[in-house]
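Biologist: I would like a close look at a single part of this chain, with each step explained carefully enough for a first-year student to follow. Could you take one residue and its setting, and then work outwards from there?

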Amino acid sequence: MDDAQDVSPLRSLTAREWDHTYTSSPAHWDEEPHPVLGELLAAYAPPPQQVLDVGCGLGTTARWLAERAYTVTACDFSARAIAEARRRTAPKTAVRYEVADITGPGPLDAFPVVLDRGVLHTCPTDRERHAFAAGMARVCGPGGLWLHVGAAAPDPESALDQTNGPSWTTAETFLRAVSPWFTVVHQRIADFGRRPGITDWPARYAVLRRRPGG
C-alpha cells in the first residue's frame, strides 16, 4: 500500500469519538479560563448577559460564567460530556445544558453573546472552520458578539493541522473562516491556560461582532 493510501483525510472528531474521549481519558485541557477572557467579557459584554457556551465540554467555563452573573446556555454534541457537566453543576446554578451541534439545524435560539473556548481549533480544514463559523453566525443575533479562544500560529510555517488536538491557525486562516459573517473588533495573543506544558500555549483571543444580514 502506498503512502497516499495510508493517510486519512483531516477531519474533526465525531460526537461518538468525543464520547469515547471523555469516557476513556482525563480531560487534561479542562480548567477555568485564563484571566484574559474575563477582561474581554468585562470590556465588551459585562453581566448580566445571556451567553451561549458552544462546545462546553464538562461545563467548567459555563459554571465560571454563571459565577460572574451571566445566564448561560451551554451546549455540546457529546452526550457524555453534557451528562458529566450536569453532574458537576450544583442545583440552582444559572446554567442550562443542551446536547446540540451548532453546525446542524438544531433548535437553539439566537443569543446576544456566544463563546467558543477551544472549539474552532478542533476543526483542521478550511471547510470545517467555515462550517463552524456559519453555525456561530446562526446562533449569534444580529449585532451580537462572538468571543473566541483558540490555538494561534504566529506564521504559516508553525501552523499545524491535527485530527486529535488543536489546529493552530494563522491570523489569515482565522479571518478567512469568520469574515463572511463577522467583523473582528479586538484580537490579542495570550496563553490558553495556566498549566505548564499542558495548556500554556499561545491562543488567539478575539471579539467578533455579527454583521446584520451576513
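Modeller: His121 is a buried residue, because its relative accessible area is 7%, and a residue counts as buried when that value is under 20%. This is a predicted model, and His121 is found in its loop between E4 and H6. Two backbone atoms can be named as partners of the side chain of His121: the backbone oxygen of Gly118 lies 3.3 Å from one of its polar atoms, while the backbone nitrogen of Ala151 lies 2.9 Å from a polar atom of that side chain.

On one side of this loop is strand E4, which runs over residues 111–117 and has Asp116 among its residues. Asp116 has a relative accessible area of 0%, so this residue is buried as well. The side chain of Asp116 makes a polar contact with the side chain of Trp146, at 2.9 Å. Once neighbours within four places in sequence are left aside, Asp116 is in contact with Val54, Phe132, Met136, Trp146, Leu147, His148 and Val149. Asp116 also shows how folding brings distant parts of a sequence together, for Asp116 and Gly55 are 61 residues apart in sequence, yet their C-alpha atoms are 6.7 Å apart in space.

On the other side of the loop is helix H6, made of the 14 residues 126–139. At 1.5 Å a residue this helix should span 20 Å, and its end C-alpha atoms are 20 Å apart, so the two values agree. The buried residues of H6 are Glu128, Arg129, Phe132, Ala133, Gly135, Met136, Ala137 and Val139, and two of these, Phe132 and Met136, have already appeared among the contacts of Asp116. The cover over the buried residues of H6 includes strands E1 (50–54), E4 (111–117), E5 (140–151), E6 (182–191) and E7 (202–210), together with helix H7 (171–178).

A second helix, H5, covers residues 79–88, and its buried residues are Ala81, Ile82, Glu84 and Ala85. Seen down the axis of H5, these buried residues fall within an arc of 165°, so they line one face of the helix. An α-helix has 3.6 residues a turn, so residues three or four places apart point the same way.

The cysteines also deserve a careful step of reasoning, since the structure holds zero disulfides. The sulfur of Cys56 is 6.4 Å from the closest cysteine sulfur, that of Cys75, which is too far for a bond, because a disulfide needs the two sulfur atoms within 2.5 Å. Cys56 counts as buried because its relative accessibility is 7%, and Cys75 counts as buried because its relative accessibility is 1%.

Finally, these parts can be placed in the whole chain, which has seven helices and seven strands that follow the pattern α-α-α-β-α-β-α-β-β-α-β-α-β-β along the sequence. Of the 214 residues in the chain, 49% are buried, and among contacts with a separation of 6 or more, 68% are between residues 24 or more positions apart. The accessible surface of the chain comes to about 10400 Å², and 55% of this area belongs to carbon and sulfur atoms.

Note on methods
Residues numbered from 1 in each chain as written. Predicted model: local features only at pLDDT ≥ 70, side-chain atom pairs only at ≥ 80, totals over all residues. Heavy atoms only, no water. Buried < 20%, exposed > 50% of the residue type's maximum accessible area, 1.4 Å probe, protein only. Helix = DSSP H or I, 4+ residues; strand = E, 2+ residues; numbered from the N terminus. Arc of directions from axis to C-beta. Expected span 1.5 Å × (residues − 1). Contact = heavy atoms within 4.5 Å. Polar contact = N/O pair within 3.5 Å; in protein donor to acceptor, adjacent residues only side chain to side chain. Areas by Shrake-Rupley, 256 points an atom, 1.4 Å probe, with all protein chains shown as cover.
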